[in-house]
Amino acid sequence: MRVIHIHSRNVIYMILAIISSSVQQAYMGYGDSISNYAINANTAPTHTNRKESNGLCPAGISCSKLRIECLNCTLKQDCIYGTPYVANCSVPSHIDCIGASEFVKPYICRYCYQTEHWEHECHQKNNCVSFASPQSYYRANCTVKNDVLCLGARKFLKNLPCNWTGGYRWSTALMLSITLGGFGADRFYLGHWQEGIGKLFSFGGLGVWTLIDVMLISMRYLGPADGSLYV
C-alpha cells in the first residue's frame with residue numbers, strides 16, 4: 001500500500017509540472033505575438049493622402065490647374081465686396097504636380113453663395129410643380145466649381161425656381177390635341193390618363209372638351225401631369 005501511495009504522489013507532481021510548463025509556453029507565445037504586432041505596426045507603410053487616393057488631386061498636371069481643394073490659398077477677409085484681388089496660393093508637399101508650387105490666382109471679393117449661377121452647380125429637383133402660379137421654389141444643394149475662389153463654405157443651399165422638364169414637347173401636345181384630341185390622345189401624351197379615358201369614351205365631350213383642351217394647351221396652361229415644363 002505504501003508503494004501505491006508514492007506512485008500516486010509522483011503522478012500528481014508530474015501533472016502539475018506539465019500544467020505549469022503549458023502555462024509558461026502560452027504566456028511566452030502571447031508575448032511574442034504582442035511584440036510582432038508592435039513591430040508590424042511600427043513598420044507598416046503609411047497611407048497615401050485622402051485627396052490623392054480619391055482622385056481629387058491627380059499627379060502629373062500643372063500646379064496652377066489643380067482644384068482649389070488641393071491648394072492652400074490666402075484670401076483677404078476684410079476685402080471690399082465686388083473688388084478684384086489676387087490670392088497667394090501654394091501646393092502642399094504631398095501633392096505631385098508640374099511647374100511652380102507657389103503662384104497667384106485672381107478672385108473677386110464675395111462669398112461662395114454670392115457667385116454667379118454659371119460659377120456653381122446645383123442639384124436639380126424634379127418633384128415640384130413647374131407650372132404653378134405663383135412660381136414655386138425649392139432649396140437646392142449647390143457647390144462652387146473647382147476653379148472659382150471665394151470666401152466661406154464652398155457648399156451652400158440656394159433657392160431655385162422650379163423649372164425642370166420631363167421631355168414633353170409643346171408642339172407635339174398641341175398637334176395631338178388638334179388632330180386626335182377627340183380620342184384623348186393629347187391627355188394620354190401628357191400623362192393625364194383618367195381625363196384621357198373620359199375624352200375617349202365621350203368622344204371629346206362631343207367636341208366641347210376637345211376645343212377647351214386645344215385652347216388650354218395653346219396657352220400652355222395645360223402641361224404635363226408630372227409638373228414639368230414643355231421642352
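A disulfide is a pair of cysteine sulfur atoms within 2.5 Å. Keep that in mind for the close-ups below, which come from a predicted model.

**Figure 1. Cys63 and Cys97 are joined by a disulfide.** Here the two sulfur atoms sit 1.9 Å apart, and the cut-off for a disulfide is 2.5 Å. The link ties together distant parts of the chain: Cys63 lies in the loop between H2 and S1, while Cys97 lies in the loop between strand S2 (84-90) and strand S3 (102-108). Along the sequence, the two cysteines are 34 residues apart. Now look at the twist: with 90° about the S-S bond, the link of Cys63 and Cys97 is right-handed. Are these two cysteines buried or exposed? Cys63 has a relative accessible area of 1%, so it counts as buried. Cys97 is at 17% relative accessibility, and it counts as buried because the cut-off is under 20%.

**Figure 2. Cys57 and Cys70 form a disulfide with a left-handed twist.** The sulfur atoms of Cys57 and Cys70 are 1.9 Å apart, and the torsion about their S-S bond is -95°. Where does this pair sit along the chain? Both Cys57 and Cys70 are in the loop between helix H2 (50-53) and strand S1 (72-74), 13 residues apart. Cys57 is buried, with a relative accessible area of 4%. Cys70 is buried too, and its value is 1%.

**Figure 3. Cys73 and Cys89 link strand S1 to strand S2.** This time the sulfur atoms are 2.1 Å apart. Which hand does the link have, and why? The torsion about the S-S bond of Cys73 and Cys89 is about 115°, so this disulfide is right-handed. Cys73 belongs to S1 and Cys89 to S2, with their positions 16 residues apart in the count. Cys73 is partly exposed, with a relative accessible area of 23%, whereas Cys89 is buried at 4%. Why don't they fall in one class? Buried means under 20%, so the 23% of Cys73 puts it in the partly exposed range. By the distance rule, the count of disulfides comes to 6, and the pair of Cys73 and Cys89 is one of them.

**Figure 4. Helix H7 (208-218) has a buried side and an exposed side.** Which residues of H7 are buried? They are Thr210, Asp213, Val214 and Ile217. These residues cover an arc of only 105° around the axis, which puts them on the same side of H7. Here's a handy bit of background: an α-helix has 3.6 residues a turn, so residues three or four places apart point the same way. On the other side of H7, Val208 and Leu211 are exposed. What covers the buried residues of H7? The cover includes helix H3 (170-180), helix H4 (185-190), helix H5 (193-201) and H6.

**Figure 5. Helices H5 and H7 pack against each other at an angle of about 140°.** Their axes are 10 Å apart. That angle makes H5 oblique to H7. From H5, the contact uses Glu195, Gly198 and Lys199. From H7, Trp209, Thr210 and Asp213 take part. If you sort the residues of this contact by type, you get 1 nonpolar, 2 polar and 3 charged. Two names here should ring a bell from Figure 4: Thr210 and Asp213 are among the buried residues of H7.

**Figure 6. Phe203 and Arg220 each have a positive phi, although neither is a glycine.** Why point this out? Most residues other than glycine have a negative phi. Phe203, in helix H6 (residues 203-206), has a phi of about 55°. Phe203 is exposed, with a relative accessible area of 58%. Arg220 comes just after H7, and its phi is about 60°. At 48% relative accessibility, Arg220 counts as partly exposed.

**Figure 7. The whole chain contains 7 helices and 6 strands.** Let's step back from the close-ups. In what order do the elements run from the N terminus? The order is α-α-β-β-β-β-β-β-α-α-α-α-α. Of the 231 residues in the protein chain, 27% are buried. Among contacts with a separation of 6 or more, 57% come from residues 24 or more positions apart.

Methods:
Residues numbered from 1 in each chain as written. Predicted model: local features only at pLDDT ≥ 70, side-chain atom pairs only at ≥ 80, totals over all residues. Heavy atoms only, no water. Buried < 20%, exposed > 50% of the residue type's maximum accessible area, 1.4 Å probe, protein only. Arc of directions from axis to C-beta. Contact = heavy atoms within 4.5 Å. Axes fitted to C-alpha atoms, helices over the stretch in contact; angles between N-to-C directions. Parallel < 35°, antiparallel > 145°, perpendicular 65-115°, else oblique. Nonpolar A, V, L, I, M, F, W, Y, C, P; charged D, E, K, R; others polar.
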